[in-house]
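Here are my notes for someone opening this one for the first time. Have a look at the model, then read the points in order.

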Amino acid sequence: MKHMNRYLSLYAYDLSLLKEMEQANYYPKPKLTERLQNRPQDYLRCMVEKKLMLEHYVHYVEEAKNVIGHEFYEIVMRDFFDVDHWYEKCYNPGTYYRKRKLANARFQDYMDKFREECKTIEF
């Protein structure tokens, strides 16, 4: 569980950025254009690359649902995003803690593969 909060915090942050970028104008403002030395296409390229990188990470995290299983994915996400003790309506405590341990281990293994993949991909 050493990196779980970091992975999920980044996921939440990337989701919020993507939501903001949906309506964004990718063309630079006039003052910024002057600093870019009349090369707004560089700014546009950087913004598009940033959006693609965010989408890649979000898609990878969401793909975990298919790899680790829907139930384990739900446990990981609800533990991070929902209020405390959400599981009381679904599981008894012993079952929940056992499944949570398995879910965290599987998610951690899945995301470690992403970290290895990122070493070979140049962003």
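**Notes on a helical chain**

1. Start with the overall layout. The chain has five helices and zero strands, so reading from the N terminus you get α-α-α-α-α. Keep in mind that this is a predicted model.

2. How confident is the prediction? The mean pLDDT of the chain is 81, and 79% of the residues score at least 70. Among the elements, α4 has the highest mean pLDDT (92), while helix α2, residues 30-35, has the lowest (54). I'd read α2 with that value in mind.

3. Some totals next. The chain has 123 residues, and 30% of them count as buried. About 8900 Å² is exposed, with carbon and sulfur atoms supplying 53% of that area. Take the contacts between residues at least 6 apart in sequence: 73% of them join residues at least 24 apart.

4. Now the inside. The largest nonpolar core holds 29 residues, and those with the most contacts inside it are Tyr11, Tyr57, Val61, Tyr73, Ile75, Phe107 and Met111. Four helices each supply at least two residues of this core: α1 (4-21), α3 (40-68), α4 (70-81) and α5 (93-120). Which of them gives the most? That is α3, with eight residues.

5. Tyr57 is a good residue to click on, being one of those with the most contacts inside the core. Leaving out residues up to four places away in sequence, Tyr57 touches Tyr7, Leu10, Tyr11, Asp14, Met111 and Phe114. Two of the names in that set, Tyr11 and Met111, also appear among the residues with the most contacts in the core.

6. On to α1. Its 18 residues should span 26 Å at 1.5 Å a residue, and the end C-alpha atoms are 26 Å apart, which agrees. The buried residues here are Met4, Tyr7, Leu8, Tyr11, Asp14, Leu17, Leu18 and Met21. Why might the spacing in such a list matter? An α-helix has 3.6 residues a turn, so residues three or four places apart point the same way. Within α1, the buried set includes Tyr7, Tyr11 and Asp14, and these are also contacts of Tyr57.

7. The same check works for α4. With 12 residues at 1.5 Å each, α4 should span 16 Å, and its end C-alpha atoms are indeed 16 Å apart. Buried in α4 are Phe72, Tyr73, Ile75, Val76 and Met77. Tyr73 and Ile75 will be familiar from the core.

8. Aromatic rings deserve a look too. A search of the whole structure turns up 11 aromatic pairs. Tyr60 and Tyr110 make a stacked one, at 4.5 Å centre to centre with 20° between the planes. This pair links distant parts of the chain, with Tyr60 in helix α3 and Tyr110 in helix α5, 50 residues apart. Both Tyr60 and Tyr110 are buried.

9. Compare that with Trp86 and Tyr96. Their ring centres are 5.8 Å apart and their planes stand at 90°, so this pair is edge-to-face. Trp86 sits in the loop between α4 and α5, whereas Tyr96 is in helix α5, 10 residues apart. Both Trp86 and Tyr96 are buried. They also belong to one aromatic cluster, made up of Trp86, Tyr87, Tyr91, Tyr96 and Tyr97.

10. Stay with that cluster for Tyr87, found in the loop between α4 and α5. Is Tyr87 buried or exposed? Tyr87 is buried, because its relative accessible area is 6%, under the 20% cut-off. Leaving aside neighbours within four places in sequence, Tyr87 is in contact with Tyr96 and Tyr97. Its C-alpha is 8.4 Å from that of Ile75, 12 residues apart in sequence.

11. Ile75 comes up again with Asn104, which is in helix α5. The C-alpha atoms of Asn104 and Ile75 are separated by 8.5 Å, although the two are 29 residues apart along the chain. Asn104 counts as buried, because its relative accessibility is 11%.

12. One backbone detail to finish. Most residues other than glycine have a negative phi. His85 has a positive phi of about 60° although it is not a glycine. His85 is in the loop between α4 and α5, and at 48% relative accessibility it counts as partly exposed.

Methods: Residues numbered from 1 in each chain as written. Predicted model: local features only at pLDDT ≥ 70, side-chain atom pairs only at ≥ 80, totals over all residues. Heavy atoms only, no water. Core = buried A, V, L, I, M, F, W, Y, C linked by side-chain atoms within 4.5 Å. Buried < 20%, exposed > 50% of the residue type's maximum accessible area, 1.4 Å probe, protein only. Contact = heavy atoms within 4.5 Å. Areas by Shrake-Rupley, 256 points an atom, 1.4 Å probe, with all protein chains shown as cover. Expected span 1.5 Å × (residues − 1). Phe/Tyr/Trp six-rings, centres within 6.5 Å; stacked < 30°, edge-to-face > 60°. pLDDT = per-residue confidence, 0-100.
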